[in-house]
Every structure is written in C-alpha cells, then in structure tokens.
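Visitor: Please take me through a close look at a single part of this model, and then lead me on from there to the parts that follow.

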Amino acid sequence: MTDFLNQVFLGNTVKTWLSAVGLFLVAYILVRVLKNIVVSYLKKLSEKTETTFDDFLVEVLNRSIVPAVYVGCGYLAFTYLEFSDKVHNAIKIALMFVFTFYALRIVTSIIKYFVYKSLDNYDDSEVKKKQARGMLVIINAVVWFLGFVFLLDNLGHDVTTIITGLGIGGIAIALAAQTILGDLFSYFVIFFDRPFEIGDFVIVDDKSGTVEYIGIKTTRIRTLKGDLLICSNTDLTNARLHNYKKLEKRRVVFTVGVLYETTQEQVEKIPSILKKIIDDVEDVDFARSHFSNYGAFSLDFESVYYVNANDYDVYMDKQQEIYTKVFKAFNEEGIGFAYPTQTVYMGKADVARGNA
C-alpha cells in the first residue's frame with residue numbers, strides 16, 4: 001500500500017494527489033453547507049419583507065459567487081501539488097479569466113437590477129423594461145470591454161497601445177457607420193426623452209399604427225392595415241410625429257349641407273337640432289353649432305364637439321351614433337340633404353332658339 005501511495009504521477013505522488021482531492025472535497029462541502037445556510041436565511045428574510053433585493057442576492061449568489069468560490073477551492077487544492085512554472089502560470093491566467101468573468105457578471109447583474117428597480121416606479125414599468133433592454137445591451141458591452149482591458153493590464157500587456165489602436169479604429173468605424181451610430185444615439189433620445197413608447201398609437205407622415213418594438217437601430221410599428229412598418233430611429237426622432245396616447249379627448253368638426261330650398265324656419269332650427277342630438281350622446285361634449293357658409297350647392301352648418309376618449313373605435317362609434325340621429329331628425333323635420341346639382345335658367349330668347 002505504501003509503495004502505491006509513493007508512486008509518482010505527473011510529478012506528484014499518489015498520496016499528494018489524494019490529499020489535494022480530499023482538500024477540494026472538504027472545501028466544496030463547506031461552501032455548499034454555507035451556501036444552504038445563507039440561502040435559507042435569505043428566503044426566511046424574503047418572507048418578512050416586500051423588497052426584491054433578497055431575491056436578487058440569492059440569484060447573484062447562485063449564478064456567480066458560489067461558482068467562483070468553487071473555482072477558488074479547486075485552485076486551493078491545485079496549490080498543494082507541484083508542477084512546472086509554465087503550468088502554474090497557465091493556471092493562474094485561467095483563474096484570472098474565470099474570476100474576471102464572474103466579477104463582470106456580478107457588475108452587470110447589479111446594473112440590470114437597479115435599472116429595472118428604478119423603472120418599477122412607473123405605471124407602465126413592463127413597457128419601459130422592454131425598452132431598457134437595448135440600453136442594457138450597450139452598457140453590458142462597455143462593461144465587458146473595460147473588464148477585458150483591465151484583465152490584459154493585469155496580465156502585463158501594454159493596454160495603451162491597444163486603446164490607441166482601438167481609438168483610431170473607432171474613428172474609422174464611426175465614419176463608415178454614421179447612420180448606425182445616428183440611430184443608436186436616436187435610441188437613447190427615445191429612451192430618455194420618451195416621445196413615444198411601446199403600445200402608443202402614432203402617426204408618422206402618412207402612416208399610422210401602434211408601436212410594437214423599439215430597438216437599438218429600428219422601431220417597428222403595426223399599421224392599421226396589419227402590416228409591419230420598420231423605421232430607423234433617426235427618421236422617427238427627426239419626423240413630426242403625432243402621439244395619441246396622451247390624448248384625453250378628440251375634437252371633431254362636423255359639417256352638414258342642406259338644400260337651398262330649405263325654409264328660413266328650418267334653417268333657424270337646425271343648430272338647435274344638432275345641439276340636442278350631440279348633447280344626448282354619452283361621453284360627448286357639445287361645443288358649438290352655426291350656419292357657417294353658403295356653399296356652391298348647399299347651405300352649410302358647422303358643429304364642433306369633443307369625444308371624451310382616446311380610443312379610435314370609441315370615436316368612430318360616437319360619430320356614427322350622431323350621424324344616424326342627424327339623418328333621422330332631418331327626415332322627421334322634412335329637411336333635405338344637399339348634393340351636387342346645377343340649375344339652368346333659360347330666358348325667352350333661349351326658348352325661341354330651342355323651338356326653332
């Protein structure tokens with residue numbers, strides 16, 4: 001048995017290997033026990049509090065801290081063994097990569113948690129969290145790049161040359177990708193200035209629809225026809241965009257034309273008829289109604305009212321109700337609706353020529 005334990009394998013005796021493995025197992029078990037104790041404590045704490053911070057700590061503990069500690073236990077057991085300097089340096093470099101990875105993972109998790117936590121104060125927090133995903137991608141990319149530079153610096157590389165080269169390359173890339181960078185900055189404008197958000201009904205030029213997705217480069221709008229309109233963020237921030245989400249009520253200008261043969265008594269009654277019809281419609285506020293114009297073939301009456309809703313379907317329902325009631329009331333009063341006509345008056349001379 002002693003001879004077996006004294007046998008050399010990869011520069012270390014079997015006894016040394018067994019001691020290293022035993023050290024790793026003991027450290028692994030201790031870490032696992034401590035992990036279970038801490039997780040149990042945090043779960044009990046979470047039952048007494050309404051905050052989500054303890055849940056965040058459990059997530060960070062399971063995803064980053066515990067795996068990093070396990071790697072540290074492995075390195076501790078490795079130091080018990082004897083290897084060449086090259087092997088030791090390779091293991092140290094690998095260890096730095098692993099610890100840097102988990103450290104950056106913790107940093108990005110913290111950033112994500114506090115960004116989402118700050119958005120919980122808004123009524124439409126879920127929508128804003130969807131919008132924040134693109135920004136978090138950019139922030140994470142910056143954090144990982146800085147972590148990579150930090151790692152290279154600790155490994156003894158001259159990061160000044162790398163940063164200078166990246167700076168020159170960045171200028172070249174920026175010149176070659178001005179449109180992409182313009183859309184990227186426009187994305188930040190949309191996120192922070194919030195001219196529109198996911199779920200808003202907007203009109204851009206001659207297109208209208210509901211915003212479904214806001215990305216780093218493009219925004220997608222589902223039009224009324226059902227197709228998907230994809231616009232660059234720069235085009236949207238530069239355009240005159242109508243956002244109907246904040247619309248509390250719609251102002252409607254309603255014009256109706258009647259025949260010139262309408263009597264004076266009927267003309268005087270029409271504004272009051274229109275007022276009564278509009279007043280009787282629920283969630284509609286009457287503003288005014290007047291005899292407004294002598295048209296080419298009609299006497300025009302202009303009415304203004306407000307629909308107390310921002311939903312387009314509700315607006316159309318109210319408008320339809322008013323139109324049908326106007327049609328019924330005018331028929332009952334014997335008031336005729338005007339339509340394009342021409343009246344030709346013929347004198348005696350014209351009649352004589354016709355007879356000839």
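Guide: Let us begin with the hairpin of E5 and E6, where four residues lie between the strands and glycine 226 takes a positive phi near 105°. This is a predicted model, in which local features need pLDDT of at least 70 and side-chain atom pairs count only at pLDDT 80 or more, while totals for chains, interfaces and linings use all residues. Residues are numbered from 1 along each chain as its sequence is written, and side-chain values use heavy atoms, with hydrogens and water left out.

The two arms of this hairpin are strand E5, residues 218-223, and strand E6, residues 228-232, which pair in the antiparallel sense over five bridges (strands pair if DSSP finds at least two bridges between them). Arginine 222 has its bridge partner in E6, and that partner is leucine 228. In general, strands of a sheet pair through backbone hydrogen bonds, either parallel or antiparallel.

Further along the chain, antiparallel pairing returns in an open sheet of three strands, whose order is E8-E10-E9. Strand E8 (250-258) and strand E9 (284-294) are its edge strands, each pairing on one side only. On average, neighbouring strands of this sheet are turned by 20° against each other, with direction ignored (axes are lines fitted to C-alpha atoms, for helices over the stretch in contact, and angles otherwise run from 0 to 180 degrees between N-to-C directions). E9 and strand E10, residues 299-307, pair over nine bridges, again in the antiparallel sense, and asparagine 293 stands opposite aspartate 300 in E10.

Two helices accompany these strands. Helix H9, made of residues 264-279, lies across E8, E9 and E10 and runs at about 20° to E10. Helix H10, made of residues 312-333, also lies across E8, E9 and E10, and its direction makes an angle of about 25° with E8.

To set these parts in the whole protein, there are 11 helices and 10 strands (DSSP runs, H or I of at least four residues for helices and E of at least two for strands, numbered from the N terminus). Of its 356 residues, 30% count as buried (under 20% relative accessible area, with a 1.4 Å probe and protein chains only). Among contacts between residues at least 6 apart in sequence, 62% join residues at least 24 apart (a contact means heavy atoms within 4.5 Å).

Methods:
Buried < 20%, exposed > 50% of the residue type's maximum accessible area, 1.4 Å probe, protein only.
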